[in-house]
Amino acid sequence: MIAAALGALLSHWRRQPGQFATLVLGLALATALWSAVQAINAEARASYARAAAQLGGDAGLVLKARSGAIPLATYVALRRAGWQVSPVLEGRTRIGQTSLRILGVDGLTYPVMPASETTDATDPAAILLPPGRLFVTPATAEALANAPDLPPRITTPDLPEGVALTDIGTAERLLARTGEITRLLVLPDQPAGLPPLSQLAPDLELSETGQGDVARLTDSFHLNLTAFGLLSFAVGLFIVHGTAGLAFEQRRAMFRTLRALGLPARTLTLLVLGELLALALLSGLLGLVLGYFVAAVLLPDVAATLRGLYGAPVEGGLTLRPAWVASGLGMAVGGALLAGVQGVVKVARMPILAAPGLLAWSGAARRGRWRMALAGPALMLGGVLALWQVGGLLGGFMLLGGLMLGAALLLPPLLAGLLALGGRCATGVTGQWLLADLRAQLPGLTLALMALLLALATNVGVGTMVSSFRLTFTGWLDQRLTSELYIYAESDRQGAALEDWLRPRTEAVLPIRYAEAELAGAPGRIYGIVDHATYRDNWPIIAAAPGGWDRVADSTGVLVNEQLARREGLWPGTTLTLGPGWQAEVVGVYSDYGNPNAQAIVAMPALLAHVPNVPNRQFGIRIAPEKAPTLAAELRAAFDLPETSVVDNAAVKAASLAIFEKTFVVTAALNVLTLGVAGFAILTSLLTLWTMRLPHVAPVWAMGMTRKALARIEILRSLALAGLTALLALPLGLVLAKVLLDVINVTAFGWQLPMYLFPLDWLRLLALALLAGALAAALPATRLRRLPPADLLKVFAHER
Amino acid sequence: MNARLLALLLLCLPGFATAQGFAGLGTDAQGFAVPDPAHRLSFPADHGAHPEFRIEWWYLTATLTGEDGRDYGIQWTLFRSALAPYEAEGWASPQLWMAHAALTTPDRHFVAERRARGGIGQAGVSAEPFLAYLDDWEMRATAPGIVALSLSARGQDFSYALTLEAQGPLVLQGDQGYSVKSRDGHASHYYSQPAYDVTGTLTLPDGPVRVTGQGWLDREWSSQPLSGTQSGWDWFSLSFEGGEKMMGFRLRDTAGDFTAATWISPDGSAEALPEGALSVEPLTTSQVAGRGVPTRWRLDLPAKGLSVDVTALNPQAWMTTSFPYWEGPVTITGSHAGKGYLEMTGY
């Protein structure tokens with residue numbers, strides 16, 4: 001009996017291959033987009049972790065000397081007090097034409113060592129005793145092939161190029177820096193009850209290795225990607241819900257027959273549930289394969305974006321990770337259950353003698369319209385309440401979810417209302433019939449149109465946010481990075497030498513000096529600046545007290561960044577405590593994108609008076625732009641500075657813009673994919689409505705309208721619905737953008753972005769929506785045009 | 001750190017058997033001094049380090065009773081391992097140091113490990129005044145020699161601070177401190193102070209506990225104590241209620257096990273018993289860290305009328321250090337009653 005019932009159930013899919021394809025493809029596409037985003041995120045995170053583990057150790061904190069090197073005695077003193085720290089000596093040495101970065105570590109206490117390809121790596125005496133060994137990549141080993149004075153090399157793929165990892169004793173000899181330590185890694189497991197660092201080693205300062213910053217910055221990128229993935233999945237679920245619902249309705253008669261033949265309701269329900277699960281697994285697997293390809297295509301761009309924008313090391317290769325495979329399959333199964341559970345419940349509760357309604361499905365949808373009209377605003381209101389009550393990022397996302405779902409539910413009543421309005425205004429028989437027909441078809445298309453609405457709104461919202469961000473960020477870069485060159489010295493001594501060397505050769509040398517400090521109870525930095533027109537003319541001030549710059553110059557005023565101002569309500573006129581016995585009035589607020597922490601700017605003399613030993617290692621250089629590249633080259637040669645120590649402003653800006661273009665490529669690709677899914681939804685809905693449409697079309701044809709005209713109307717109808725949906729999606733998308741910029745961004749990252757509007761993008765999107773509608777209707781229209789008249793005549797012959 | 005690299009680094013360190021046997025210890029001594037049966041130990045100099053030998057340890061265990069009435073055990077061990085038979089200043093020193101600390105209760109076992117390079121002052125041992133240290137872990141003399149010591153160590157979730165007072169003389173193991181470890185003549189220099197009275201405080205996650213008890217210090221150095229066919233050892237230090245003490249070990253060897261024992265009278269005089277006089281037999285095996293480890297033993301020493309069962313206080317006293325082994329307090333029942341410590345390597 002079970003086998004027979006199963007055969008009957010599955011025969012439906014054999015007779016309706018299109019519907020089967022729709023269901024599987026819809027779920028597969030949704031899973032593909034979701035798992036592609038997951039794969040990209042997982043890959044990027046794994047790359048960060050790998051990089052952190054290789055170079056910084058897993059330790060998140062490092063100790064550095066306020067100036068100069070850390071004496072070996074300080075390391076021993078910290079160790080003898082119980083602190084678990086590991087020494088690192090880092091420096092550069094020149095080998096012929098190449099500059100080699102030497103990273104010396106103590107192998108006994110260093111948290112990670114690279115895996116080596118050669119076996120002699122495992123002889124500790126060779127590594128620890130003179131002459132020692134250098135761990136380098138094969139390429140670096142190649143470059144060092146003719147360096148007789150260096151210790152033997154051991155190759156490993158786990159290091160950056162141009163870096164030699166070695167024992168700290170070997171590094172001392174190579175760099176001629178005996179007894180010096182560059183930094184101490186603070187290991188994660190520390191015993192309880194340690195004496196405070198400030199007492200043991202007052203000359204050292206604790207800071208994060210920088211991986212933390214990267215993580216926070218890239219979080220925003222991943223957040224956007226994840227939001228995208230979720231929205232695509234929601235769009236996919238609409239398709240699945242629609243098709244699964246239709247399949248249940250169409251098989252109602254079969255269910256009734258099976259039950260009448262004696263199949264228990266429980267068995268039938270289980271069979272239907274099993275069928276749904278099998279379909280979900282099949283689609284999920286298909287989706288994973290698709291997602292893998294989507295991710296593989298997008299990942300190089302994402303990697304380039306992250307590398308360039310945030311300096312986060314992400315490799316371009318993709319590996320299959322259990323985490324996102326599981327997440328993809330889980331979403332597919334969960335999604336299918338969510339979308340199909342209504343049907344299963346109906347089967348379970350179906351009265352055995354209930355009459356099968358042919359148009360029951362669309363009829364039910366029509367009945368539900370009023371429920372939707374009420375549920376839509378309720379969901380929106382819920383979202384607003386969530387933001388107000390829950391608050392924070394979660395509240396923001398709940399608001400987003402409420403707005404999007406609420407708007408989707410409001411779409412059918414709104415469209416119906418618009419069509420009714422149009423019907424009243426329409427003159428002429430054809431026009432009236434067209435509008436009436438549209439209204440009649442609306443229930444069957446509802447879910448597809450909802451999907452389109454969500455896709456379009458997401459497009460408008462995310463597009464507006466990204467574009468606004470780009471515009472603001474580049475403008476801010478222009479204001480903030482006004483110096484032509486930025487120089488990073490390796491020590492205070494080198495800093496002083498650089499300053500002396502630069503002063504006669506440039507228009508101005510602007511020292512960039514800062515101290516880590518606690519600002520309003522949170523970690524932050526206090527910058528000291530010299531009074532110079534560069535700042536007065538260009539600094540991106542968003543709120544200022546009159547004469548603010550003069551107040552900063554005479555040490556009575558302080559500028560704070562937007563994050564600090566917003567968090568603590570420190571707007572001009574308020575007072576900020578900068579340290580013990582050091583207060584100043586806030587005289588201005590400046591925008592500071594990309595920085596998660598608090599920041600304040602005071603006059604240089606004030607900073608130096610209140611904080612001892614402020615490092616002097618960074619400088620901005622004002623010089624005629626055309627002279628900058630020459631000066632940079634001279635500077636590198638004169639001081640043997642590594643490439644990264646002299647940064648050309650023009651290069652920074654060009655790189656930033658290039659990176660934003662990359663971001664756009666990814667966003668645009670995801671946008672097109674989401675739209676594609678929505679377009680597909682419309683196509684499948686039209687196809688499933690096809691058989692039900694014939695009885696509506698046949699009388700019109702019989703009254704004299706040609707099949708060609710009918711086909712044209714078919715396309716027109718789809719265009720009208722897509723166009724109307726696009727028009728309704730625009731305000732929703734703008735609201736979405738506003739929420740993303742004003743709520744999500746502010747709570748997640750602490751800065752607000754002005755919203756810019758891009759009407760040309762909207763036009764492009766409207767065109768895309770119309771294109772999707774036209775393409776979706778093309779197949780049914782062609783079919784209608786080629787339909788043998790006999791088929792249309794049959795409509796009148798058959799008993800309906 | 002690369003596990004292979006670490007493994008080989010630590011293979012040079014003593015006290016750790018691997019499945020392949022004491023590979024690092026079974027090889028020939030390359031330029032290292034070799035224990036000499038004619039050498040007579042001299043103190044305080046021999047309390048200090050012997051860099052010309054490949055391996056050396058300062059190994060203290062104590063069985064303790066808390067004021068809460070519960071039994072505890074602690075271990076404090078400093079290992080020295082030399083890559084070359086000399087000492088040098090700074091990072092160029094070939095001397096490597098490793099320390100293990102453990103605190104065992106009937107149901108918990110806390111472990112910590114520290115490593116350091118010689119030559120920079122992070123770890124070392126001086127003979128007079130006696131001080132053995134690595135990081136903030138210290139075994140420090142509070143009187144000439146090693147008659148009175150203060151001992152401290154701490155890990156992430158435990159610490160202890162104890163004072164030790166010797167109640168008897170030093171015991172020279174084997175023949176005047178020359179302890180043979182195989183029939184092929186592998187040997188080490190080995191002496192003990194088996195009779196410390198211990199008082200102090202253990203700090204556990206639940207809070208501090210005042211404790212008193214008995215401590216046992218083993219000092220051993222060599223360049224090649226084991227034969228290549230020996231796969232690990234079972235080592236016992238037992239203190240009986242009558243005041244006698246016994247040190248005994250079995251070296252497991254494919255060519256037949258090797259046992260040795262020293263019987264210590266209440267007055268501290270020691271008698272080395274001939275090879276084979278002690279027989280040891282595992283009675284119960286526990287699943288510890290995914291392997292079978294004997295945690296109850298039968299020991300027979302007919303020459304002294306000894307026939308006892310030795311049972312682990314906590315069978316899960318597994319040392320999750322770079323090189324894992326079992327080390328924990330035991331209770332003794334049978335012809336003699338008492339407490340002691342058991343170390344098992346190579347399981």
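# Worked exercises on a two-chain predicted model

B:H100 has its place in strand β3 of chain B; helices (H or I, at least four residues) and strands (E, at least two) are DSSP runs, numbered from the N terminus. This is a predicted model, where local features need pLDDT of at least 70, side-chain atom pairs count only at pLDDT 80 or more, and totals for chains, interfaces and linings use all residues. Residues are numbered from 1 along each chain as its sequence is written, while chains are lettered from A and ligands numbered from 1 in the order in which they are written.

## Exercise 1: one histidine

Work out whether B:H100 counts as buried or exposed, and find what B:H100 is in contact with.

Step 1. Get the rule straight: a residue is buried if 20 or more other C-beta atoms lie within 10 Å of its own, exposed if 12 or fewer, and partly exposed in between, with C-beta atoms placed from the backbone.

Step 2. B:H100 has 25 C-beta neighbours inside 10 Å, so B:H100 counts as buried.

Step 3. Now for contacts, where the C-beta atoms of two residues, placed from the backbone, lie within 7 Å. Skip the neighbours within four places in sequence, and B:H100 is in contact with B:Q75, B:T77, B:E113, B:M319 and B:T321.

Step 4. Try a distance too: B:L78 sits 22 residues from B:H100 in sequence, and their C-alpha atoms are 6.7 Å apart in space.

## Exercise 2: the strand next door

Describe how β3(B) pairs with β4(B), and say why β4(B) is largely enclosed.

Step 1. Two strands pair if DSSP finds at least two bridges between them. Strand β3 (residues 95-104) and β4(B) have nine bridges and pair in the antiparallel sense.

Step 2. Pick out one bridge: B:L96 has B:R117 as its partner in β4(B).

Step 3. Follow the chain from β3(B) to β4(B), and you go round a hairpin through four residues.

Step 4. Strand β4 (residues 109-117) of chain B has eight of its nine residues buried, so the rest of the structure largely encloses it.

## Exercise 3: a strand with two partners

Which strands of chain A pair with β9(A), and which way do its residues point?

Step 1. Strand β1 (residues 61-65) of chain A runs antiparallel to β9(A), joined by four bridges. A:L61 stands opposite A:V186 in β9(A).

Step 2. Strand β3 (residues 85-95) of chain A also pairs with β9(A) in the antiparallel sense, over four bridges. Here A:S86 stands opposite A:L185.

Step 3. In strand β9 (residues 183-186) of chain A, A:R183 and A:L185 point one way, A:L184 and A:V186 the other way, and all are buried. This fits a handy rule: in a regular strand the side chains alternate between the two faces of the sheet.

## Exercise 4: a short helix

Explain why helix α6 of chain A is largely enclosed, and say what follows it.

Step 1. List the buried residues of α6(A): A:I168, A:G169, A:T170, A:A171, A:E172 and A:L174.

Step 2. That is six of the eight residues in helix α6 (residues 168-175) of chain A, so the helix is largely enclosed by the rest of the structure.

Step 3. Next after α6(A) comes A:A176, with a positive phi near 55°.

## Exercise 5: the cores

Find the largest nonpolar core and say which helix gives the largest share of it.

Step 1. A nonpolar core is a set of buried Ala, Val, Leu, Ile, Met, Phe, Trp, Tyr and Cys residues joined through C-beta atoms within 7 Å.

Step 2. The largest one has 103 residues, and those with the most contacts inside it include A:L452, A:L456 and A:L736. Its largest share, 20 residues, comes from helix α14 (residues 429-480) of chain A.

Step 3. Zoom in on A:L456: beyond its neighbours within four places in sequence, its contacts include A:T725, A:A729 and A:L765.

Step 4. There's also a second, separate core of 91 residues, with B:L64, B:Y196, B:F236 and B:V330 among them.

## Exercise 6: how confident is the model?

What is the average pLDDT of chain A, and which elements have the lowest and highest means?

Step 1. pLDDT is the predictor's confidence in each residue, from 0 to 100. Chain A averages 77, and 78% of the residues score at least 70.

Step 2. Helix α8 (residues 211-250) of chain A has the lowest mean, 61, and helix α3 (residues 72-80) of chain A the highest, 94.

Step 3. Over residues 54-59 of chain A the pLDDT is below 50. Where pLDDT is low, the predicted coordinates should not be read in detail.
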